[in-house]
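Visitor: I would like a close look at a single part of this structure, and I would be glad if you could work outward from there. Could you take the sheet with the parallel pairing and walk me through its surroundings?

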Amino acid sequence: MPDARPPAAAPPAVPPPSHPVRSVLVVGAGLAGARTVAALREHGFDGRVTLLGRETRDPYDRPPLSKHLLDRPEPAWLRDELGVDVHTLADTVQLGTSADHLAVVGDGVVVRAGAADVRADAVVLATGSRAVRPADWGDAVTLHTADDAAGLRARLVPGARLVVVGAGWIGAEVAGVASAAGVDVTVVEATTAPLSAALGARVGDLTAGWYAAAGVRLELGAEVTGVSRDGVGLADGRRLPADVVLAAVGARPDTGWLDGSLPRDPDGSLRVDAGYGVVGAPGHVRAVGDVARRWSARHGWVPGGHWDGALRGPATAVRALLGASSTTDDHEDPAPYVFSTQLGHDLTLLGQQGPGDELVLRGDPAGGAGWGALWFAAPAVDDDGGPGRALTAMLAVDRPRDVAAGRRLFGGPVLPRLDPAVAADATRGLRDAVVR
Ligand SMILES: Cc1cc2nc3c(=O)[nH]c(=O)nc-3n(C[C@H](O)[C@H](O)[C@H](O)COP(=O)(O)OP(=O)(O)OC[C@H]3O[C@@H](n4cnc5c(N)ncnc54)[C@H](O)[C@@H]3O)c2cc1C
């Protein structure tokens with residue numbers, strides 16, 4: 001039975017490199033960069049591996065920066081969390097070094113890093129993302145690095161007044177931990193509901209009550225007109241006093257340094273095929289993690305920006321780079337997967353909803369036993385009218401069993417088909433709703 005998804009056509013597959021790869025340069029020493037170095041060695045690559053990273057610290061994990069902002073002062077090092085020690089795996093690790101130009105040549109690449117040029121047979125771009133801070137918000141801080149977290153931690157003492165601009169994933173997480181530690185927290189959100197960009201206004205609205213329950217003031221539909229050292233001005237003329245203002249208004253791929261050398265989307269993303277080959281570039285140029293907008297046969301174009309993609313993508317990218325897989329079918333196609341712990345709740349979003357999708361709630365959001373949201377693709381015009389509908393995405397709130405079931409549902413080559421009426425009943429397993 002045909003599905004309404006994916007809406008776009010697959011890009012032409014990027015071929016394997018046309019020359020032998022004896023040296024690989026990995027740019028960016030975050031999760032995706034570190035996992036790339038590890039994957040190269042796991043796949044038996046014994047050539048030269050160089051890792052360049054702008055931060056001076058060894059690779060660490062970012063999700064704890066917000067969730068454990070106030071109770072975990074040391075970064076969660078990837079060598080402890082994942083057993084990835086880049087210093088033993090790579091031949092050269094240059095931290096505190098920014099790549100500032102890429103030249104792709106026929107049989108390799110040349111990356112300028114400070115005063116030096118680094119040459120390699122292939123490059124894996126893993127420069128992640130950068131938190132957005134509007135140009136005239138110089139007095140607001142952002143949270144993306146361990147240094148940002150250390151700066152914020154020092155200022156969030158009990159009684160301090162924190163205004164968080166943006167009720168997205170990171171804003172909600174920081175608001176919850178700060179309030180629990182005795183900080184006076186207000187969250188300002190321009191749209192009508194928290195998490196509306198990720199979940200839509202109707203589902204996001206179901207999380208609004210969590211703020212008051214956690215002692216956080218939530219201002220919805222409130223547009224910020226200015227940020228200064230001592231507060232935030234709103235379009236309705238009010239002024240919210242603050243000791244700290246956190247801009248949590250999103251992040252963008254950190255690819256400005258590639259300007260002119262590779263095709264980029266307007267938001268800075270690099271489009272990659274199922275083997276993480278950069279579309280429009282030769283096969284020895286790959287991109288992983290937050291910088292990559294990946295083609296998925298099941299979900300269409302999947303933007304970066306989430307941990308699971310940065311963890312899992314590099315193994316596929318390395319296999320394709322080393323010529324170990326030759327067809328799209330060989331590549332893993334993980335479902336987009338986002339997790340968050342916020343304001344006392346665990347959220348997992350799997351898959352990717354589209355604008356015309358139909359929302360079905362699972363369980364009772366007011367019931368206290370966890371709930372969910374399911375998005376179904378509009379029936380395709382040539383749908384045969386059978387009972388099942390293609391599930392494009394699902395959210396599980398405080399329902400770990402649904403997370404496990406959801407991961408299995410999105411494990412096949414096409415979107416799973418479910419009976420929406422059965423799936424809405426939270427007393428039944430999601431598997432019961434599958435229409436075979
Ligand atoms: C506070 C916070 C909480 C998060 N929580 C969650 C969560 O709960 N769930 C979830 O799914 N995701 C979460 N994320 C997102 C997740 O951490 C990212 O998707 C993941 O870190 C992406 O890994 P990456 O390696 O692609 O990029 P990054 O982790 O951003 O690493 C990229 C590295 O490249 C370096 N770099 C950039 N430019 C250059 C250059 N020109 N030269 C050299 N080096 C450069 C950067 O300094 C950085 O160290 C969170 C992110 C943050 C900031």
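Guide: Here is a walk that starts at that sheet and then moves on to its surroundings. Please keep in mind that this is a predicted model.

Let us begin with the sheet itself. Its 5 strands are paired in parallel, and the sheet is open, with the order 5-2-1-9-20. At the edges are strand 5, residues 92-95, and strand 20, residues 285-287, each of which pairs on one side only. On average, neighbouring strands here are turned by 15° against each other, direction ignored. As a general reminder, the strands of a sheet pair through backbone hydrogen bonds.

One pairing deserves a closer view. Strand 9, residues 122-125, runs parallel to strand 20, and 3 bridges join the two. Among the residues involved, Leu125 has Ala287 of strand 20 as its bridge partner. Helix 1, residues 31-42, packs on this sheet, where it touches strand 1 (23-27), strand 2 (48-53) and strand 9. The direction of helix 1 makes about 175° with that of strand 2.

Helix 1 also leads us to the ligand. Helix 1 and strand 2 each give two or more residues to the shell around the ligand, and so do helix 2 (63-67), helix 10 (307-321) and strand 23 (337-342). In total 36 residues surround the ligand, and the closest are Gly28, Gly30, Arg62, Gly128 and Gly289. By character, the shell divides into 16 nonpolar, 14 polar and 6 charged residues.

Next, a residue that touches this region from another strand: Val109, which lies in strand 7, residues 108-113. Val109 counts as buried because 24 other C-beta atoms lie within 10 Å, and 20 or more is the cut-off for that label. Leaving aside neighbours within four places in sequence, Val109 is in contact with Leu25, Leu102, Ala103, Val104, Ala120, Val123, His284 and Val285. Of these, Val123 falls within residues 122-125, the range of strand 9, and Val285 falls within 285-287, the range of strand 20. In the other direction, Arg79 is 30 residues from Val109 along the chain, and their C-alpha atoms are separated by 28 Å.

Val123 opens the way to the nonpolar core. The largest such core has 121 residues, and Val123, Val165 and Leu246 are those with the most contacts inside it. Not counting residues up to four places away in sequence, Val165 touches Ala140, Val188, Val224, Val232, Val245, Leu246, Ala247, Ala248 and Val249.

Two of those partners, Val224 and Val232, take us to a pair of hairpins. Strand 14 (residues 224-228) and strand 15 (residues 231-234) run antiparallel and are joined by 4 bridges. Within this pairing, Val224 stands opposite Leu234, while Ser228 has Gly231 as its bridge partner. The hairpin between strand 14 and strand 15 passes through 2 residues. Strand 15 then runs antiparallel to strand 16 (residues 239-241), with 3 bridges between them, and here Val232 stands opposite Leu240. This second hairpin has 4 residues between its strands, and Gly237 in the turn has a positive phi of about 95°.

Positive phi values also turn up in residues other than glycine, and one of them brings us back toward the sheet. Tyr276, with phi near 65°, is found in the loop between strand 19 (270-272) and strand 20. Tyr276 is buried because 30 other C-beta atoms lie within 10 Å. Asp398 likewise has a positive phi, of about 55°, and its place is in the loop between strand 27 and helix 11. Asp398 is partly exposed because 16 other C-beta atoms lie within 10 Å.

Helix 11, residues 400-409, makes a good last stop. Its buried residues are Asp402, Val403, Ala405, Gly406 and Leu409. They pack against strand 24 (345-351), strand 26 (371-376) and strand 27 (389-397).

Notes:
Residues are numbered from 1 along each chain as its sequence is written. This is a predicted model: local features need pLDDT of at least 70, side-chain atom pairs count only at pLDDT 80 or more; totals for chains, interfaces and linings use all residues. Two strands pair if DSSP finds at least two bridges between them. Axes are lines fitted to C-alpha atoms, for helices over the stretch in contact, and angles run from 0 to 180 degrees between N-to-C directions. Two residues are in contact if their C-beta atoms, placed from the backbone, lie within 7 Å. A nonpolar core is a set of buried Ala, Val, Leu, Ile, Met, Phe, Trp, Tyr and Cys residues joined through C-beta atoms within 7 Å. A residue is buried if 20 or more other C-beta atoms lie within 10 Å of its own, exposed if 12 or fewer, and partly exposed in between; C-beta atoms are placed from the backbone. A residue is near a molecule or strand if its C-beta atom, placed from the backbone, lies within 6 Å of it. Ala, Val, Leu, Ile, Met, Phe, Trp, Tyr, Cys and Pro count as nonpolar, Asp, Glu, Lys and Arg as charged, and the others, Gly among them, as polar.
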